Structures are given as C-alpha cells and as structure tokens.
Amino acid sequence: MTELTTTLTGYAAQARDDAHVRDEAAAADITQENTFDVKGLNLFYDKTQALKNINMTIKKHEITALIGPSGCGKSTFIKTLNRMNDWIENCRVTGEILFEGRNIYKEVDSLALRYRVGMVFQQPTPFPKSVFENIAYGPRIQGISNKKKLAEIVEESMHQAAVWDELKDRLHESALGLSGGQQQRLCIARTLAARPSVILMDEPTSALDPISTQKIEDLALQLKEKYTIVIVTHSMQQARRISDRTAFFLLGELLEFNNTVDMFTKPANPKTEAYITGRFG
Ligand SMILES: Nc1ncnc2c1ncn2[C@@H]1O[C@H](COP(=O)(O)OP(=O)(O)OP(=O)(O)O)[C@@H](O)[C@H]1O
Ligand SMILES: [Mg+2]
C-alpha cells in the first residue's frame, strides 16, 4: 500500500468508532511535559532489526530533528510514534513508547492516537478533491457536518498553515492544480484541521524550492508554540535553523541526542561530527 492509501485507510477506520475515540483523546494527560518517552524500542521487519534499543524523550512544544544517513531508520522511527507501522506486514515492535504518559500500544486507542499525532510526508499527498474538501476531510470524518463550522475550521487551519492568503480564492479548485509548495502547506493545513497535538514531518521540504522551504521552516517555528514537532531532515542547515534538539541515527541506533546547538558545536561522538560536517553519509 502507498502511504496515501494507508492514510486513507486509517481515516476510514477512524470513522468507525468516533465517540469512543474522542473519549480516549479527552482522557490524555495534557499536563505532561514530555510528549513522548521512548524506552528500549526495537523494531524488526521480519528478521531484520531496523531500530535498536532506542531511548529518547521528545519534549512538548519543541522541534526535534531526526538526522542520519539514508537507511538508518529515521522514517521507521517517526512512523512508530503514531503506529503507522501497524499496517506493515511482518513489522514487530518491542519496548515502550509513552505518549503524554500513556503506553501507545497498551493504553491508547490507535485511532485516537492518529488523530492526535498527525503526519506530513515527503511528497505532498493531496486527495483528488478541492482545496476545501481536502481540509474538511478529517473534520467530516470526525462527525462535523455543519457547513459554517467546517468553513471556520478550514479557514483557521489554512491561516495556521500560512496558505490562506494564497489560496482563499481557489478553495473550490482541485488541489492537484497547486504548486508543490502550496500542496505541502495544504497537507499541513489538512493535518491541523484534525486537531492534533503533535505533527510528524518526514522530509517535508526535500521536494520544494528554497522559498517554499523557507515558508515551511517559518511555519514550523510558529507552530511549535501550540504543537510538538518531530521532523526528519537531510539538511543540516534546516536542523540547525529550526530544531531545539537533534537526534543522530546510524544503522538503526540512536548514536547521539542532544540540544541542537551543542550537537552542532561540540558533538560527543566522532561519527556524529563526521556526518554533520559532511565527511560521510
Ligand atoms: N516496509 C519495510 N519492509 C522491510 N524493510 C524496510 C521497510 N521499510 C524500511 N525498511 C528497511 O529499514 C531500514 C530503515 O529504513 P528507513 O526508511 O527507516 O530509513 P531512513 O533513515 O528513513 O532512510 P532515508 O533517509 O533514505 O529516507 C532500511 O534498511 C530499509 O530498507
Ligand atoms: Mg526516510
């Protein structure tokens, strides 16, 4: 299945049991300082171990950057945070991930989790619908049908994703006709419309030009006041510019995790230094 199909499947599944899901979300402990506490996490694709004993704390209202060479497990890791790997056959996870203090595999409904932990992919994935309907999709599935309310959510989400001014006159045009940068911000608006508290972004700017990249980076910095953000990036400059903490992955291990300034000025591990200075990877 493509990621878009799995997202759609997830949304459809989410529609099944909405009231229950909302109860779960309301039960979350939002006073927690840490958004995620990852403890001894291992992940296997069949017999191949892709994540090895990951221990990591992701703090609320911070931007955490995940860096490391291709194939080191960044996407695998970020997808465990909202259990998107559940849809991959033969994928097995051991260890614990606490989301706002509760174990995501034991105490949190997986559908509720995906409402609260939204995801933006490398390639923008607009649905073949209008701009408006793309953004209204999540709220509709959550049971909101009042037209005025939907219009309010769409406008608010588009403002938050810094795309309202550009697209307010194109609400009823197909989202597929937008530029890549506009599509990516539309996808961020769509994620925000589902009322998450965390936004996971897997290389959200790697397909974008420098101006669109700058817009997404500015946006991430604004959004962290209200949301916790985890972002995978291959750009060392991007990690330095926007993140509070940086995690360096290598061959499925979390080799170094520190606040971003320290990581980039005095990396503890020689392999981290080699990677961030472009000497390997
Ligand atoms: N669905 C899957 N089934 C089997 N192996 C997988 C699957 N997805 C990823 N892997 C393997 O797990 C390892 C980590 O992959 P992952 O996609 O997490 O890397 P990454 O750090 O995101 O790389 P990139 O920077 O290229 O995106 C790789 O060896 C990859 O081949
Ligand atoms: Mg990846």
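Here are a few worked exercises on this predicted model.

**Exercise 1. Get your bearings: how many helices and strands does the chain have, and what share of its residues counts as buried?**

Start with the secondary structure: the chain has twelve helices and ten strands. Next, look at burial: 41% of the 281 residues count as buried. Then check how far the contacts reach along the sequence. Take the contacts between residues at least 6 apart, and 71% of them turn out to join residues at least 24 apart.

**Exercise 2. Work out the strand order of the open four-stranded sheet, and say which strands sit at its edges.**

Begin with β1, residues 34–45. On one pairing, eight bridges join β1 to β2, and the two run antiparallel. You can check the register at two places: N34 stands opposite K59, and L41 has I54 as its bridge partner. The link is a hairpin with two residues between the strands, and D46 in that turn has a positive phi of about 60°.

Now take the other pairing of β1. Strand β4 (residues 91–99) is antiparallel to β1 over eight bridges, with Y45 opposite C91. Put it together and the order reads β2-β1-β4-β5, with antiparallel pairing. The edges are β2 (48–59) and β5 (102–103), each of which pairs on one side only.

**Exercise 3. List the residues that surround ligand 1, then sort them by character.**

Walk along the sequence. Y45 and A50 are part of the shell, followed by G68, then S70 through the run G71, C72, G73, K74, S75 and T76, and lastly I88. Sorting them gives four nonpolar, six polar and one charged residue. Which helix gives the largest share? That's α3 (residues 74–80), with three residues. Y45 links back to the previous exercise: this shell residue is also the one opposite C91 in β4.

**Exercise 4. Find the residues that touch the most other members of the largest nonpolar core, and follow one of them outward.**

The core has 65 residues, and the ones to pick out are L66, A189, L200, I229, V230 and I231. Helix α8 (residues 180–193) supplies the largest share of this core, six residues. Now follow I231. Skip its neighbours within four places in sequence, and its contacts are I63, A65, M201, P204, A220 and S243.

**Exercise 5. Which residues of helix α5 are buried, and what happens to the backbone just after the helix?**

Scan residues 131–141: V131, N134, I135, A136, G138 and P139 are buried. To read that pattern, recall that residues three or four places apart in an α-helix point the same way, because there are 3.6 residues a turn. Finally, step past the end of α5, where G143 takes a positive phi of about 100°.

Key:
Residues numbered from 1 in each chain as written. Chains lettered and ligands numbered in written order. Predicted model: local features only at pLDDT ≥ 70, side-chain atom pairs only at ≥ 80, totals over all residues. Buried ≥ 20, exposed ≤ 12 C-beta atoms within 10 Å, placed from the backbone. Core = buried A, V, L, I, M, F, W, Y, C linked by C-beta atoms within 7 Å. Contact = placed C-beta atoms within 7 Å. Near = placed C-beta within 6 Å. Nonpolar A, V, L, I, M, F, W, Y, C, P; charged D, E, K, R; others polar. Pairing = 2+ DSSP bridges.
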